[in-house]
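Below is a short set of notes for a colleague who is opening this structure for the first time. The points are meant to be read alongside the model, one element at a time.

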Amino acid sequence: MESCSLTLKTKEKEGVLGEITDIISKFGINISYAHVYVEQVDFGTVNLELDDVEDIDALVRELEALDSVVELQCHGSLNNIFGKRIIILGGGAQVSAVASGAISEADRHNIRGERISVDTIPLVGEDNIAEAILALNRLPRVKALVLAGSLMGGRITDAVRKIKAEKDLIVVTLNMPGSVTDEADLVVTDPTQAGVMTVMAIANTAVFDVKRLKGKNKF
């Protein structure tokens, strides 16, 4: 059994998604991620990440036979293409420095067979950052969050506490004033090093294990 990704261009009408999922369910396939959107006035696009696929050819034949399916493409799974995902949030200067370290270290591991991708967005304001943290539940493949700023607490800390209770991910922060560092798995002073250590913490090709720090998590 394997994982794969399907992109279906469909007619924009009622019941299309139900027809597609009924067929997938008949094959005993798990849908791990779905993204549905209207591409044009009369057409929509459905992106599906599938697990436990035994006979992809038979599945494709049945889906293509649907009158509502205009075009179907089969791809490798996003997990296999982009792999584990690191999200970096915070102030622009700090975000760029963390990203520099993370991208350089990810490149070293990806050459050795890993797939680690790095996403960044400079944000200011307690509400904006807290909202972005809570939105991680709606993003696939996220394995680590880096908070890069000069002062974070309040609603940001509440959001970190909530997302850690709901999602299995590592949280790294820069060494800064504010209560958010109390919720972090790693607190790193140098932003470039924070990016490097975050990649090491999630890479299978590294020997760094955050859980073995036992409270000694400030660097």
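1. The model is a predicted one, and a convenient place to begin is its open sheet of five strands, which are arranged in the order β6-β5-β7-β8-β9 with parallel pairing. The edges of this sheet are taken by β6 (116-122) and β9 (186-188), each of which has a single partner strand, so one side of each is left without a neighbour in the sheet. On average, and with direction ignored, neighbouring strands of the sheet are turned by 20° against each other.

2. Strand β5, which covers residues 84-90, deserves a closer look, since its pairing can be followed on both sides. With β6 it pairs in the parallel sense over seven bridges, and with β7 it also pairs in the parallel sense, there over six bridges. Individual positions can be matched across the strands: L89 has I121 of β6 as its bridge partner, while I88 stands opposite T120 in β6 and opposite V146 in β7.

3. Is β5 buried or exposed? Seven of the seven residues of β5 are buried, so the strand is largely enclosed by the rest of the structure. In a regular strand the side chains alternate between the two faces of the sheet. In β5 both faces are covered, with K84, I86, I88 and G90 buried on one side and R85, I87 and L89 buried on the other.

4. The connection from β5 to β6 should be read together with the helix between them, because β5, α4 and β6 make a right-handed β-α-β unit, a crossover being called right-handed if, with the strands pointing away from the viewer, the path from the first strand over the helix to the second runs clockwise. Another helix, α7 (residues 191-202), lies across β5, β6, β7 (142-148), β8 (170-174) and β9, and it runs at about 170° to β8.

5. The largest nonpolar core has 44 residues, and those that touch the most other members are I86, I88, I133, L145 and L147. Two or more residues are given to this core by each of β5, α4 (92-111), α5 (126-134), β7, α6 (155-166), β8, β9 and α7, and β7 gives the most, with six residues. For I86, when residues up to four places away in sequence are not counted, the residues touched are I116, S117, V118, D119, A144, V146, T198, V199 and I202. Apart from this core lies another one, of 19 residues, which includes I24, L59, L66 and V69.

6. How do α5 and α6 lie with respect to each other, and which residues bring them into contact? Their axes come within 8 Å and cross at roughly 5°; angles under 35 degrees count as roughly parallel, and α5 and α6 are therefore roughly parallel to each other. On the α5 side the contact is made by E126, D127, I129, A130, I133 and L134, and on the α6 side by R155, I156, A159, V160, K162 and I163.

7. Antiparallel pairing is found among β1, β2 and β3, and it can be traced strand by strand. Strand β1 (residues 2-11) pairs with strand β3 (residues 43-53) in the antiparallel sense over nine bridges, and within this pair E2 stands opposite V53 in β3. Strand β2 (residues 30-38) runs antiparallel to β3 and is joined to it by eight bridges, with I31 standing opposite L50 in β3. A hairpin through four residues joins β2 to β3.

8. Two threonines may be looked at in turn. T10 is found in strand β1, and its relative accessible area of 4% places it among buried residues, since buried means under 20%. Leaving aside neighbours within four places in sequence, T10 is in contact with V16, I20, D42, F43, G44, V46, S68, V69 and V70. T21 is found in helix α1 (residues 16-26) and, at 27% relative accessibility, counts as partly exposed. From T21 to G113 the separation is 92 residues in sequence and 33 Å in space, C-alpha to C-alpha.

Conventions: Residues numbered from 1 in each chain as written. Predicted model: local features only at pLDDT ≥ 70, side-chain atom pairs only at ≥ 80, totals over all residues. Heavy atoms only, no water. Pairing = 2+ DSSP bridges. Axes fitted to C-alpha atoms, helices over the stretch in contact; angles between N-to-C directions. Contact = heavy atoms within 4.5 Å. Core = buried A, V, L, I, M, F, W, Y, C linked by side-chain atoms within 4.5 Å. Buried < 20%, exposed > 50% of the residue type's maximum accessible area, 1.4 Å probe, protein only. Parallel < 35°, antiparallel > 145°, perpendicular 65-115°, else oblique.
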